[in-house]
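Okay, thanks for making time, everyone. I'll put the structure up and then just talk through what caught my eye.

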Amino acid sequence: MVPVIDPAAGEPFAEVHMAGADECTAAVDAAAGAADAWAATSPRFRADILRRAYEAMTDQHEPLARLITRENGKALPDARAEVTYAAEFFRWFAEEAVRIQGEFRTAPAGDKRIIVTQHPVGPSLLVTPWNFPAAMATRKWAPALAAGCTTILKPASETPLTALAIAEILVAAGLPPGVVNVVPASPAGPRVSGMLHDTRIKNLSFTGSTEVGVALLHEAADQVVRTSMELGGNAPFVVLEDADIDDAVQGALVAKLRNGGAACTAANRFYVHAAVAMEFTEKLTFAMNGLRLGPGLHDGVDIGALVSVAERDKVAALVDKASSSGARITTGGKIPDGAGAFYPPTVLADLDPTNDLLANEIFGPVAPIVTFESVDDAVRLANDTPYGLISYVYGQAFQDAFAVADRIESGMVAINRGTVSDPAAPFGGMKESGIGREGGFAGIHEFLESKYIAASI
Ligand code: NAD
């Protein structure tokens, strides 16, 4: 058994059994045993189950949100938004399950018909992080189940309870035995590795750090297992000279502080045109300073705890190092007294573009600001990272903002807004931020493979 810690109190509030190697094998047995029958169900049957799961998650919205806050630490409004977002994947993929398309056409030479059909790839291993314990699970479960794949989900050991609760919802919605299996497992490496090397596993969908993703890509290569990788980010937030600064500050708060900054999509580097940098910094400092930090379940709290004291200390060390190398702290920057993994909203101004902080995924409520003089410089700085998940651009002349969005190397770009996430849109990264897309029309194809049939008719 492993304790689940409430990061706001710094104390355990539940215990979860961690699967050993034998239990992981049993999960693969179950997923493999159910695979053919599940693949043979009708799309409408699968869609109806997903739709019922959407409705049940919506009915259980508040208790699920409270559970997320309890084990993850995020403020309740963030947890509520996550449940809504997470449930929407069930609704979207209920709708996608019945729209899987094939092809039928005549070959250019006229000698045959080209028929392309789609098939579930097979038992899929899903590995998820702690920062969105509901949404990262449903973003994988929903397309996998819609496509006709059975699944084994390994949640992060910090936040296993939410995934277990949603699995119960799926079972109650009518999933046959063996289709959804959840294996909290620690140590994660050997357990995931064992399952990944079982030849019955046909697909790996991973969300987490680039470091672990790279290791798993190597392992998946051993048996040519299909992979989808949603990895780390280092999002630039570019404020052009003509941006509406009040709007940009509002967008910055959303892009930076969703989940207390513990999001792969979190704005991580603010590049602000020199002409508006002082106004932006002052207004962002004022807004960040006005936010309430505290236990996520308390009324009126804007920013909850980080997931663990270790994560909090990592954020604090990054800020300390940046400030000792020239960054100016305009608000925050100090761990508050008392229990809990809290770190205050922090703004760092006057950063040199080479400051080491900018190369790190901060994963906390810290906004470093760098000024730029020309749009070319802004684009160069924004792209100066191995990551490419998401970027934000603020500017009133749409064609200029769009031109920047077009040149930035990331899988997603937000123009004049602080969020992009939408189950109906393709979420994913370029460069070392990942391979594949979740959500949108693309998401179901991560769990399907095509078969080309050449027919003389
Ligand atoms: P992590 O990589 O440490 O862990 C992710 C998952 O992998 C967890 O379930 C963990 O137990 C498991 N794991 C850890 N080591 C493993 C190993 N050696 N072999 C197999 N599995 C292993 O990431 P985290 O700290 O939980 O989450 C934060 C990271 O996730 C950040 O880098 C963030 O950007 C990224 N993330 C990306 C997205 C996205 O969509 N691109 C979304 C959310 C989080």
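So, start with strand 11, residues 267-273, and strand 14, residues 366-372: they pair in the parallel sense, over 4 bridges. If you want one spot to click on, take His273, whose bridge partner in strand 14 is Phe372. And before anyone asks, this is a predicted model.

Those two strands belong to an open sheet of 7 strands, and the order across that sheet is 12-13-14-11-10-15-16. The pairing there is mixed. At the edges you've got strand 12, at 328-331, and strand 16, at 412-415, each pairing on one side only. Going from one strand to the next, the twist averages 25°.

What packs on this sheet? Well, helix 9, residues 245-257, does, and it touches strand 10 (235-239), strand 11, strand 14 and strand 15 (390-394). The direction of helix 9 makes about 170° with that of strand 10. Then there's helix 10, residues 274-289, lying across strands 10, 11, 12, 13 and 14, with strand 13 being 346-349. Helix 10 runs at about 140° to strand 11.

Okay, other sheet. Here 6 strands form an open sheet, in the order 7-6-5-8-9-17, and again the pairing is mixed. Its edge strands are strand 7, at 180-182, and strand 17, at 434-435, and each of them pairs on one side only. Strand 17 is joined to strand 9, residues 226-230, by 2 bridges, and the two run antiparallel. Met229 is a handy marker there: its bridge partner in strand 17 is Ile435. Packed on this sheet is helix 8, residues 210-221, which touches strand 8 (203-207), strand 9 and strand 17. Its direction makes about 175° with that of strand 9.

While we're in this part, have a look at the loop between helix 8 and strand 9, where Val224 sits. Val224 has a positive phi of about 50°, and it's not a glycine. There's also a cis peptide bond, joining Ser186 and Pro187, with omega about 0°. Pro187 is in the loop between strand 7 and helix 7, the helix at 188-196. I point these out because most residues other than glycine have a negative phi, and most peptide bonds are trans.

Now the bit you docking people are waiting for. Which residues come nearest to the ligand? Of the 28 around it, the nearest are Thr128, Arg139, Ser209, Leu231 and Glu361. On the polar side, an N or O atom in the side chain of Glu361 is 2.4 Å from an oxygen atom of the ligand. For the side chain of Trp130, an N or O atom is 2.9 Å from a ligand oxygen. Gly208 uses its backbone instead: an N or O atom there lies 3.4 Å from an oxygen of the ligand. How much of the ligand does the protein bury? Taken alone the ligand exposes 840 Å², and the protein buries 85% of that.

Last thing, zooming out. The protein chain has 13 helices and 18 strands. Its radius of gyration is 23 Å, close to the 23 Å that the globule rule gives for 457 residues, so the chain is as compact as a globular protein of that length. Along its principal axes, the C-alpha trace spans about 70 × 60 × 40 Å. That's me done, over to you.

Methods:
Residues numbered from 1 in each chain as written. Predicted model: local features only at pLDDT ≥ 70, side-chain atom pairs only at ≥ 80, totals over all residues. Heavy atoms only, no water. Pairing = 2+ DSSP bridges. Contact = heavy atoms within 4.5 Å. Axes fitted to C-alpha atoms, helices over the stretch in contact; angles between N-to-C directions. Near = heavy atom within 4 Å. Polar contact = N/O pair within 3.5 Å; in protein donor to acceptor, adjacent residues only side chain to side chain. Areas by Shrake-Rupley, 256 points an atom, 1.4 Å probe, with all protein chains shown as cover. Rg over C-alpha atoms; globule rule 2.2 N^0.38 Å.
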